[in-house]
There are 2 protein chains.
Amino acid sequence: MITPLEKLQEKLLKNPPAGGLDALLISSVHNIIYFTNFPGFATDEREAFLLICKDKQYFITDARSSGTVRNNVKDFELAEIAAYSPFQSILKKLAKKHKVKILGIEEKNLTVSEFKTLSKSFTTKNFDTDDLRAVKTPVEINKIEKTCQLGDKTFDYILKKIKKGVSEKELAIKIELFIKKNNADVSFATIVAFGKNSAIPHHVPTHNSKLLAPNSIVLLDFGVKLDGYCSDMTRTVFFGKATAEQRKMYKTVLDAQTRAIELFNTKYSIHNTIKASTIDKAARDYIISKGYPTIPHSLGHGIGIQIHESPRLSPKSKDILKEGMVFSIEPGIYIPDFGGVRIEDLVVLTKSGSKLLTHSPKTIIEL
Amino acid sequence: MITPLEKLQEKLLKNPPAGGLDALLISSVHNIIYFTNFPGFATDEREAFLLICKDKQYFITDARSSGTVRNNVKDFELAEIAAYSPFQSILKKLAKKHKVKILGIEEKNLTVSEFKTLSKSFTTKNFDTDDLRAVKTPVEINKIEKTCQLGDKTFDYILKKIKKGVSEKELAIKIELFIKKNNADVSFATIVAFGKNSAIPHHVPTHNSKLLAPNSIVLLDFGVKLDGYCSDMTRTVFFGKATAEQRKMYKTVLDAQTRAIELFNTKYSIHNTIKASTIDKAARDYIISKGYPTIPHSLGHGIGIQIHESPRLSPKSKDILKEGMVFSIEPGIYIPDFGGVRIEDLVVLTKSGSKLLTHSPKTIIEL
């Protein structure tokens, strides 16, 4: 089975960007995880680089992590950063050895100050790994599926904890503790929104325990990170009976989602690819046709090592959806000072159409 | 009391970078938190910007967070990103309104691709907020102190859980659950290292429950995030009796740390400032003088909204330590295939010298 590193090497050799590259410098932590399976770095600091030459690969990091890298990462030679052997000297030395003049860089990740330093020694060219990562290998799909299973278990668990007197923040913590106890991490800050707060798509949970009144909307949006891969799901349930207006909103969102997902099983199987914007439009137009405001965000996003990655399912997206892509479908209706409904599932695109990876129930739940 | 935003405005007006700035674009999530107190964004995605003009400030974000921003952030006017009102158009409109030609940017944070787009419309100049953030306000110091208190409580708790049969990973999870239950987050991935693994400064905890043998070193390095601010501490304890060699290593590290910390109370109080490299050298040279290898990392790092920020306490650091700075002092000795010892505390520099913010015991602990 082809690995991400082999996919990269193939892309580098077969389709070099204009002018060709002598080597590629990988700086994004997510791509370091992707190519090496090594998960030990923080995402908001620069602790490591990969240098991919045509005939050899290097893992450049410092003594804090080099021992673990040496013991766990295959296919890469370790080059250790130290006080008197800084990153720039190592890079220059390796570049000289491999005759690197034109260096591929990740312009979406490298900072301006890093770029200014590199530009003194190299001609740089942008190299984008989005397409590579958008199409998942079977191993990756399997990992995401397992992550989604824990997401479903978490939803099942948290339903029992929605009781009078509980605050949004308490439920969010319970979700995160449950995930931690199952040997996993959360993939993003958990959203729990009661009542009017559900009209804010990325609401930050509050400590106010009086918000859970009868007939309240309860919106839960959370994700699991397991073995380096993310899940993401949203369910909207009701505390007490849903009102007629709440039911109508819920049904509209669910029907919009079903329309989008079903599109893969009609249009996609014939043409074998489908535009991301077509899927977005199907759900968006349906919601508007029912008299509601348009979805104030994209219909969905690719997911994998990152919670949001390629492809994007939005009105202006130019992405084409293909077999092996994994993404969310998450229509929503948000009425200020009233509330919101969002339903989100993850989907993998297979030879024959779409397959759901999240399986929590979507019939109206009244607690 | 002066706020971070006021500190920034003063710096912008009093000491504009060469050529002057018409406005400043803040892209780093940590700086967004610093200037607005709004904690709701992921650190590895671009979900918001601040535009600081001379007479007005804007918070630019999309509908997922705009409601929360509108309700919670003072002193900033909201500018909402939407599918047909993308960030670039908003920025151009605001720039026209405020006659912005020279735009300050964070070159350490902005990506090359963002920079290339901005460069088409603006003359850019780097603006660095490191110095600003390095010196904490009393409000910030108070927050870090509270975070450290929970760190101490966590250490006290975890000591009781170090028992035969437990794995590094299990202890790491227990630490993280304890922190979560106390309404806080972890500030970085918890390090728990038994025996030989402690020789790797940033060891990734394993599931192997056989590693905790008698006379094992147990290294615990963890941090808490509370109210937007980080703590960081390391303790090394022994499972069973420490051997003579382990005791010697421990005493050397502790003495090195004490020497570094004491330096503030002798040299600093006279000169009122002290070089970061001088502090690093005091601990480093002491460890070497006892026949051990040099510390393979910096002696310490500033801490606040980020786990690692300015100042840096390293041999090559040019930083000057001043009143109000908060940083770690964390010497270590690491012997491959034997084990390592690291002791880390947080310190705040006051008028009269150094003050410890972490208070967990440092006498040898044998469990």
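**Exercise 1. State which strand of chain B holds Pro311(B), and describe the peptide bond before it.**

Solution. Pro311(B) belongs to strand β15 of chain B, residues 309–313. The structure is a predicted model. The bond that joins Ser310(B) to Pro311(B) is cis, with omega at about 0 degrees. In chain A, the peptide bond from Ser310(A) to Pro311(A) is likewise cis, with omega near 0 degrees. Pro311(A) sits in strand β15 of chain A, residues 309–313.

**Exercise 2. Find the operation that lays chain B on chain A, and identify the kind of axis.**

Solution. Step one is the superposition: a turn of 180 degrees and a shift of 0.0 Å along the axis place chain B on chain A with an RMSD of 0.0 Å. Step two is the reading of these values: they give the relation of a two-fold axis. Step three locates a residue relative to the axis: in chain B, the C-alpha of Thr111(B) is nearest, at 2.1 Å.

**Exercise 3. Describe the contact between the chains, and decide whether the copies meet through the same surface.**

Solution. Begin with the counts: 38 residues of chain A and 38 residues of chain B take part in the contact. On the chain B side, α3 (63–72), α5 (112–119) and α8 (168–181) each provide at least two residues. Sorted by class, that side holds 15 nonpolar, 14 polar and 9 charged residues. Next, compare the two sides: 100% of the interface residues of chain B are also interface residues in chain A, so the copies do meet through the same surface.

**Exercise 4. Compare the radius of gyration of chain A with that of a compact globule, and describe the overall fold in numbers.**

Solution. For 367 residues, a compact globule would have a radius of gyration near 21 Å, and the 23 Å of chain A agrees with this. The C-alpha trace of chain A spans about 70 × 45 × 35 Å along its principal axes. Chain A contains 10 helices and 21 strands. Of its 367 residues, 47% are buried. Among contacts with a separation of 6 or more in chain A, 63% are between residues 24 or more positions apart.

**Exercise 5. Describe how the two domains of chain A are placed and where they touch.**

Solution. Domain 1 of chain A covers 4–132 and domain 2 covers 138–356. Their C-alpha centres are 34 Å apart. The contact between them involves 6 residues of domain 1 and 4 residues of domain 2. On the domain 1 side, α2 (29–36) and α6 (130–134) of chain A each supply at least two residues. The largest share of that side, 3 residues, is from α2(A). By class, the domain 1 side has 3 nonpolar, 1 polar and 2 charged residues.

**Exercise 6. Test the span of helix α8 of chain A, list its buried residues and say what covers them.**

Solution. The helix has 14 residues, 168–181, and at 1.5 Å a residue should span 20 Å; its end C-alpha atoms are 20 Å apart, which agrees. The buried residues of α8(A) are Glu168(A), Leu171(A), Ala172(A), Lys174(A), Ile175(A), Glu176(A), Phe178(A) and Ile179(A). To read the spacing of such a list, recall that an α-helix has 3.6 residues a turn, so residues three or four places apart point the same way. The cover of the buried residues includes α7 (138–159), β7 (185–186), β8 (191–194), β9 (216–222) and β10 (224–226) of chain A, together with α8 of chain B.

Just after α8(A), Asn183(A) has a positive phi of about 65 degrees. Asn183(A) is in the loop between α8 and β7 of chain A. With 13 other C-beta atoms within 10 Å, Asn183(A) is partly exposed.

**Exercise 7. Is Ser231(B) buried or exposed, and what surrounds it?**

Solution. Ser231(B) is located in the loop between β11 (229–230) and β12 (233–239) of chain B. The cut-off for a buried residue is 20 or more other C-beta atoms within 10 Å. Ser231(B) has 31 and is therefore buried. Beyond neighbours within four places in sequence, the contacts of Ser231(B) include Ile144(B), Thr147(B), Cys148(B), Ser187(B) and Leu346(B). The C-alpha atoms of Ser231(B) and Thr358(B) are separated by 8.7 Å, although the two residues are 127 residues apart along the chain.

Methods. Residues are numbered from 1 along each chain as its sequence is written. Chains are lettered from A and ligands numbered from 1 in the order in which they are written. This is a predicted model: local features need pLDDT of at least 70, side-chain atom pairs count only at pLDDT 80 or more; totals for chains, interfaces and linings use all residues. Helices (H or I, at least four residues) and strands (E, at least two) are DSSP runs, numbered from the N terminus. The radius of gyration is taken over C-alpha atoms; the globule rule is 2.2 Å times the number of residues to the power 0.38. A residue is buried if 20 or more other C-beta atoms lie within 10 Å of its own, exposed if 12 or fewer, and partly exposed in between; C-beta atoms are placed from the backbone. Two residues are in contact if their C-beta atoms, placed from the backbone, lie within 7 Å. Ala, Val, Leu, Ile, Met, Phe, Trp, Tyr, Cys and Pro count as nonpolar, Asp, Glu, Lys and Arg as charged, and the others, Gly among them, as polar. Copies are superposed by least squares on the C-alpha atoms of residues with pLDDT of at least 70 in both. Domain bounds come from an automatic or database domain assignment. The expected span of a helix is 1.5 Å times one less than its number of residues.
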